[in-house]
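Thank you all for coming. I would like to take you through one model this morning, beginning with a sheet and ending with a pocket.

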Amino acid sequence: MLSALAISLLPTPLLAQTPEKVWRVGLVTPNQFGARTFRRLNLPELARLGFVEGRNLSVQVFSADDVYERLPALAVELVATKPDVIVAVGPSAIRAARAATSTIPIVMAYGGEDPVAAGWAQSYVRPGGNITGVVLLSPELDGKRLHLLHEAFPTRRRIAVLFHRRSLNTPTDRSVQTIAQTAGISIESFYTAGPEEYETTFNAIRSSGADALLIASSSVFANDAARLADFALKAGLPAICEWRDMATSGCLIAYGVDRAALQRRVADFIARLLRGAPASEIPIEDPTTFELAVNLKIARTLGIDVPTPLLAQADEIIE
């Protein structure tokens, strides 16, 4: 039997510890915007929680590059790599991941529609399946943006709403239409498939006589924020967008969830699942922190005054 002293004198290789387990996370996203956001906001928070890429965490990204029809096949490819957790960005990716596996835990990052109504979970408190995460209810938020735009510029009575074509006849589309009718706001909806149609779509918006613009929630639009803001500026339209950084990119007003706080919650879901908590028992969360940003530089370029009450509410004023 070896003494403690003898053991301490053994060569280093004999004392080598078992290598640390490397956890595998797969990200399925409609575009690189989701991948960039994950790396910029989620990975630092995961590292703080003890999961460090390159040490005990491996991340694989499966991006459809805005070709949404690719998502189901990408989700199947991702499942074949046998990740410990799947992170699905947006409703289309969530549906694709859910169709590809009923056993691997899936984190919504974030669901743009009601997960119970969509059939992804039995309830918010007890999801009951392999899907949990954070919900971002786009229909309600787009309705709030419409109200904000109307309250800021009540004399501008013809509001154009730019939707991605995938939103046609969806809860988001219907919600904005209903809110507009209830509030007596005149809107006209325009649908675009993406960057190749932006110029044609904005020509149609200008021809419609619209005098303000709501750019509805869409990961494609978030990815193309600067380009859309430039089109709106050239059309002379005050525009409201989804994310705070879209105002930095040139949107007049941005109202939405605090993305950094939201991604920290997503990272927490991932960490809990990696530690063994079942997705079926982790309650789904709604966002609780929202941000309002106003770009006064754009207001000056458009030659319009932003109401003082709106500026007083703003979390950020961009000069």
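What you have in front of you is a predicted model, and I will start with its open sheet of seven strands, which follow the order β7-β6-β8-β9-β10-β11-β12 and pair in a mixed fashion. At the edges stand β7, residues 186–192, and β12, residues 316–318, and because each has a single partner strand, one side of each is left without a neighbour in the sheet. On average, and ignoring direction, neighbouring strands of this sheet are turned by 20 degrees against each other.

If we look at the β12 edge, the pairing between β11, residues 290–295, and β12 is parallel and runs over three bridges, with V294 finding its bridge partner in I317 of β12.

Now to the helices. Helix α5, residues 138–152, lies across β6, β7, β8, β9, β10 and β11, and it runs at about 150 degrees to β10. Helix α6, residues 171–183, also packs on the sheet, where it touches β6, β7 and β8, its direction making about 165 degrees with that of β7.

That brings me to the largest pocket, which holds about 640 Å³ of space. Its lining is made up of 34 residues, and those nearest the centre are G90, P91, G112, S138 and S219. The elements that give two or more residues to this lining include the two helices I have just described, α5 and α6, as well as α4 and the strand β4, while the largest share, five residues, comes from α2. In character, the lining divides into 16 nonpolar, 14 polar and four charged residues.

Notes
Residues are numbered from 1 along each chain as its sequence is written. This is a predicted model: local features need pLDDT of at least 70, side-chain atom pairs count only at pLDDT 80 or more; totals for chains, interfaces and linings use all residues. Side-chain values use heavy atoms; hydrogens and water are left out. Two strands pair if DSSP finds at least two bridges between them. Helices (H or I, at least four residues) and strands (E, at least two) are DSSP runs, numbered from the N terminus. Axes are lines fitted to C-alpha atoms, for helices over the stretch in contact, and angles run from 0 to 180 degrees between N-to-C directions. Contact means heavy atoms within 4.5 Å. On a 1 Å grid over the protein atoms alone, a cavity is a set of points where a 1.4 Å probe fits but cannot get out, and a pocket is an open set with protein on both sides within 12 Å along at least five of seven lines; lining residues have an atom within 4 Å of a point. Grid points are joined across faces, edges and corners, and a volume is the space filled by probe spheres set on the points. Ala, Val, Leu, Ile, Met, Phe, Trp, Tyr, Cys and Pro count as nonpolar, Asp, Glu, Lys and Arg as charged, and the others, Gly among them, as polar.
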